[in-house]
Amino acid sequence: MSTVAETSMTLTPEHDSRPSASVRSRLQDALPKIVLAPSFAATIVFVYGFILWTIYLSFTNSKTFPSYAITGPRAYQRLWRWTFESDPPSSWYTSITNMGIFGFLYIFICLALGLFLAILLDQKIRGEGMLRPIYLYPMALSFIVTGVAWKWFLDPGLGLEQTLHQWGWTSFHFDWIKNKDFVIYTVVIAGVWQASGFIMAMFLAGLRGIDGEIMKAAQIDGATTFQLYRRIVIPLLRPVFLSAFIVLAHLAIKSYDLVVALTSGGPGGSAWLPSNFMYEYTFKRNEMAVGSASAVIMLMTITAIIVPYLYSELREKPR
């Protein structure tokens, strides 16, 4: 009898502790969801909700204030005419032309320069620990700071040209920042200066992740340094190339503050990008529908770049 009583007494606390342990484990599982729920709800409302709202406005006749009556794709038709039928070229045509120039040069030069710097640092040179922060430092600056700094540097009245004139080189002229035909290239210079160090870090991480045995085997087989990088290293860096391209394309399409701080839009809006066009027409020229349509086109461009990348990544993971 005493044994049975002792057994029942020892079993009772264990039976009573199970519900509390179950509640505690449930709370521990639910805690991350509870913490993330406010930010998730804010993202749904203030990101995706406003994306849908912008798409809706692009099909209305909104001017200074939103209009809730859908009038069809008139705003897109206006952008179409401004792209292919306007003479002289419209500000929208200038914006997308500049986007093509800036996007191509910005991405290509950043990739080439970043890879070149990464290869140099991968040679285990002295002072690598000091050089890496120097290359990465520009990325820590905002585009506003970068734009203002390069504006001072490229201004003919107080920057590089004025300095060289004071040193006696009076024949030197560099007025791209005030020339409507070349001002977009100053945006490329400032953008490359800021982003190339970050791309260098991405490539350097990829180079450090390559198996050294592969490199040694290729060298034993008689591969030259050029062949080694062209046939082995660069193909193995394909995922890094793709990731860097996505990052740079995203930065190029949404660039706004760099153009404003560096050129103030350029002479006659000659340095406008689609983001500058969108802001100008939405908030200054009271053409909210046209500005919303241009924003939707920018979104479609980013989506066309990111979705194939995500598809390829998700398809490779199950393998």
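Here are legends for a few close-up views of this predicted model.

**View A. The largest nonpolar core and its busiest members.** This core has 50 residues, and the ones touching the most other members are Phe 102, Tyr 106, Ile 199, Phe 203, Leu 237 and Leu 248. Several helices chip in with at least two residues each: H3 (91-121), H5 (143-154), H7 (183-208), H8 (212-220), H9 (225-236), H10 (238-253) and H11 (257-263). Helix H7 gives the most, with 13 residues.

**View B. The surroundings of Phe 102.** Here we zoom in on Phe 102, one of the core members with the most partners. Skip its neighbours within four places in sequence, and Phe 102 is still in contact with Ile 107, Ile 184, Val 187, Val 188, Ala 252, Ser 255 and Leu 273.

**View C. A second core.** Separate from the 50-residue core, there is another one made of 12 residues. Among its members are Leu 79, Trp 272, Tyr 281 and Val 296.

**View D. The ring pair of Trp 82 and Tyr 281.** The whole structure holds 22 aromatic pairs. In the one shown, the ring centres of Trp 82 and Tyr 281 sit 5.6 Å apart and the planes meet at 50°, so the pair counts as tilted. It ties together distant parts of the chain: Trp 82 belongs to helix H2 (residues 74-84) and Tyr 281 to helix H12 (residues 274-284), 199 residues apart. Both Trp 82 and Tyr 281 are buried.

**View E. An aromatic cluster.** Step back from that pair, and Trp 82 and Tyr 281 turn out to belong to one cluster with Trp 92, Trp 272 and Phe 277. Tyr 281 also appears in the 12-residue core, as does Trp 272.

How values were computed: Residues numbered from 1 in each chain as written. Predicted model: local features only at pLDDT ≥ 70, side-chain atom pairs only at ≥ 80, totals over all residues. Heavy atoms only, no water. Core = buried A, V, L, I, M, F, W, Y, C linked by side-chain atoms within 4.5 Å. Buried < 20%, exposed > 50% of the residue type's maximum accessible area, 1.4 Å probe, protein only. Helix = DSSP H or I, 4+ residues; strand = E, 2+ residues; numbered from the N terminus. Contact = heavy atoms within 4.5 Å. Phe/Tyr/Trp six-rings, centres within 6.5 Å; stacked < 30°, edge-to-face > 60°.
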